[in-house]
Amino acid sequence: MTIEYVLLLIVVFGFGLKAFVSAPAEAFKNAGPRLGARIEQQLATGDGFKPNGSPVAWEEDK
């Protein structure tokens with residue numbers, strides 16, 4: 001009986017690992033054209049960029 005539980009655990013873990021590894025790759029593959037279009041729009045219009053390439057300034061707690 002223990003062997004069946006161990007085999008079942010291995011199978012479930014294998015399917016979970018496969019889904020965990022392949023899901024981000026599929027998401028990036030499907031979102032690539034949309035992300036590229038956003039970047040092209042920002043480059044064409046200049047929107048979404050800070051002047052002189054400065055990063056976002058964090059305000060200190062006073």
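How much accessible surface does the chain have, and what share of it belongs to carbon and sulfur atoms? About 6,400 Å², with 67% on carbon and sulfur (Shrake-Rupley method, 1.4 Å probe).

1. A word on the basis: this is a predicted model, where local features need pLDDT of at least 70, side-chain atom pairs count only at pLDDT 80 or more, and totals for chains, interfaces and linings use all residues. Residues are numbered from 1 along each chain as its sequence is written, and side-chain values use heavy atoms, leaving out hydrogens and water.

2. You will find one helix and zero strands (DSSP runs: H or I of at least four residues, E of at least two). Of the 62 residues, 0% count as buried (under 20% relative accessible area, 1.4 Å probe, protein chains only).

3. Helix α1 has 44 residues and reaches 64 Å from first C-alpha to last, close to the 64 Å expected at 1.5 Å a residue. Among its 44 residues, zero are buried.

4. Do look at G32: a kink of about 45 degrees lies there in α1, shortly before the proline P33. The bend is the angle between axes fitted to the seven residues ending there and the seven starting there.

5. M1 sits in the segment before α1 (2-45).

Note on methods:
Buried < 20%, exposed > 50% of the residue type's maximum accessible area, 1.4 Å probe, protein only. Expected span 1.5 Å × (residues − 1).
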